[in-house]
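Got the viewer open and a selection tool ready? Let's walk through this one stop at a time.

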Amino acid sequence: MPVQDVIAKAQAAMKKTTDHLQQEFAKVRTGRATVTILDPVRVEYYGSSMPLNQVASLSVPDPRTIVIQPFEKAMLSPIEKAIREADLGLNPSNDGNVVRVPIPMLTEERRKEIVKMCKKFAEESRVAIRNIRRDHNELLKKIEKEEHLSEDERKRGEQEIQKVTDRFIKLIDDMTLAKEKEVMAV
């Protein structure tokens with residue numbers, strides 16, 4: 001296996017890690033309405049559990065409200081119940097046509113808790129990136145022994161993997177800083 005393939009595999013794995021972190025950050029409530037905070041909500045629909053966005057259309061008419069328009073009026077109560085049971089700290093109300101979900105303002109203490117949680121997600125991602133680096137460096141050593149890769153080529157490969165690692169760690173740090181600013185903004 002050529003060194004470039006190992007580097008490309010490491011880069012692809014690190015990209016997946018940062019994509020996952022981006023998804024985790026998207027789910028974090030910032031005090032501003034976004035339909036992604038309802039992603040974990042599952043609604044009972046004719047005996048099967050369905051994601052909310054498959055039984056209703058979701059919209060954000062203003063920064064403090066999410067409006068859910070069910071495809072069938074009979075789904076109003078099950079949607080309202082599912083949001084309450086999802087334990088997101090939201091209190092939906094049903095007006096007979098749509099379900100409105102007001103997004104409450106976050107307290108300073110809650111904002112700090114959310115930032116702490118985001119930093120935990122980021123640290124888990126950094127650890128995952130470092131593990132990917134370690135695994136791919138070990139793969140280079142294995143290739144060096146089995147396929148007679150020169151020591152210089154292995155070291156160049158390890159340096160390239162380190163550069164990729166540094167780039168992804170910086171990306172994680174930047175994403176975390178941006179999310180922290182977003183959460184702490186009033």
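Here is a short tour of some helix pairs, one buried proline and a few salt bridges.

Before you click anything, keep in mind that this is a predicted model.

**Stop 1: helix 1 and helix 4**

Select residues 3–27, which make up helix 1, and then add residues 151–184, which are helix 4. Their axes come within 10 Å and cross at roughly 10°. An angle under 35 degrees counts as roughly parallel, so helix 1 and helix 4 are roughly parallel to each other. Now color their contact by residue class: you should find 12 nonpolar, six polar and five charged residues.

**Stop 2: helix 1 and helix 3**

Keep helix 1 and swap its partner for helix 3, residues 108–146. Here, too, the axes come within 10 Å, but they cross at roughly 170°. Anything over 145 counts as roughly antiparallel, which means helix 1 is roughly antiparallel to helix 3. Which residues make the contact between them? On the helix 1 side, show V3, V6, K9, A10, A13, M14, T17, L21, E24 and F25. On the helix 3 side, the residues to show include F121, A122, I129, I132, H136, L139 and I143. Sorted by class, this contact has 16 nonpolar, three polar and three charged residues.

**Stop 3: P92**

Next, jump to P92, in the loop between helix 2 (76–85) and strand 5 (93–94). Is P92 buried or exposed? Its relative accessibility is 2%, and under 20% is the cut-off, so P92 counts as buried. To see what surrounds P92, select E80, I83, R84, V99, R100 and V101: P92 touches each of these, leaving aside residues up to four places away in sequence. Try a distance label from P92 to E80 as well. They are 12 residues apart along the chain, yet their C-alpha atoms are separated by 5.9 Å.

**Stop 4: salt bridges in helix 4**

Time to look at charges. Side chains of opposite charge can pair when their charged atoms come close. How many salt bridges does the model have? The count comes to 17, and we'll visit a few.

Go back to helix 4 and pick K163 and E160, whose side chains meet in a salt bridge at 3.5 Å, N to O. Both lie in helix 4, three residues apart, or about one turn of the helix. K163 is exposed, with a relative accessible area of 55%, while E160 is partly exposed at 34%.

Then move along to K179 and E182, another salt-bridge pair, with the closest N and O atoms 3.7 Å apart. These two are also in helix 4, and because they sit three residues apart, about one helical turn separates them. Check the surface around this pair: K179 is buried, with a relative accessible area of 8%, whereas E182 is partly exposed at 33%.

**Stop 5: a salt-bridge network**

For the last stop, select E123, R126, R130 and D173 together: they are linked in a network of salt bridges. Zoom in on one of its links, between E123 and R130, where the closest N and O atoms are 3.7 Å apart. Both ends are partly exposed: E123 has a relative accessible area of 36%, and R130 has 33%.

Definitions and conventions: Residues are numbered from 1 along each chain as its sequence is written. This is a predicted model: local features need pLDDT of at least 70, side-chain atom pairs count only at pLDDT 80 or more; totals for chains, interfaces and linings use all residues. Side-chain values use heavy atoms; hydrogens and water are left out. Axes are lines fitted to C-alpha atoms, for helices over the stretch in contact, and angles run from 0 to 180 degrees between N-to-C directions. Helices (H or I, at least four residues) and strands (E, at least two) are DSSP runs, numbered from the N terminus. Angles under 35 degrees count as roughly parallel, over 145 as roughly antiparallel, 65 to 115 as roughly perpendicular and the rest as oblique. Ala, Val, Leu, Ile, Met, Phe, Trp, Tyr, Cys and Pro count as nonpolar, Asp, Glu, Lys and Arg as charged, and the others, Gly among them, as polar. A salt bridge is a side-chain nitrogen of Lys or Arg within 4 Å of a carboxyl oxygen of Asp or Glu. Buried means under 20% relative accessible area, exposed over 50%, partly exposed in between (1.4 Å probe, protein chains only). Contact means heavy atoms within 4.5 Å.
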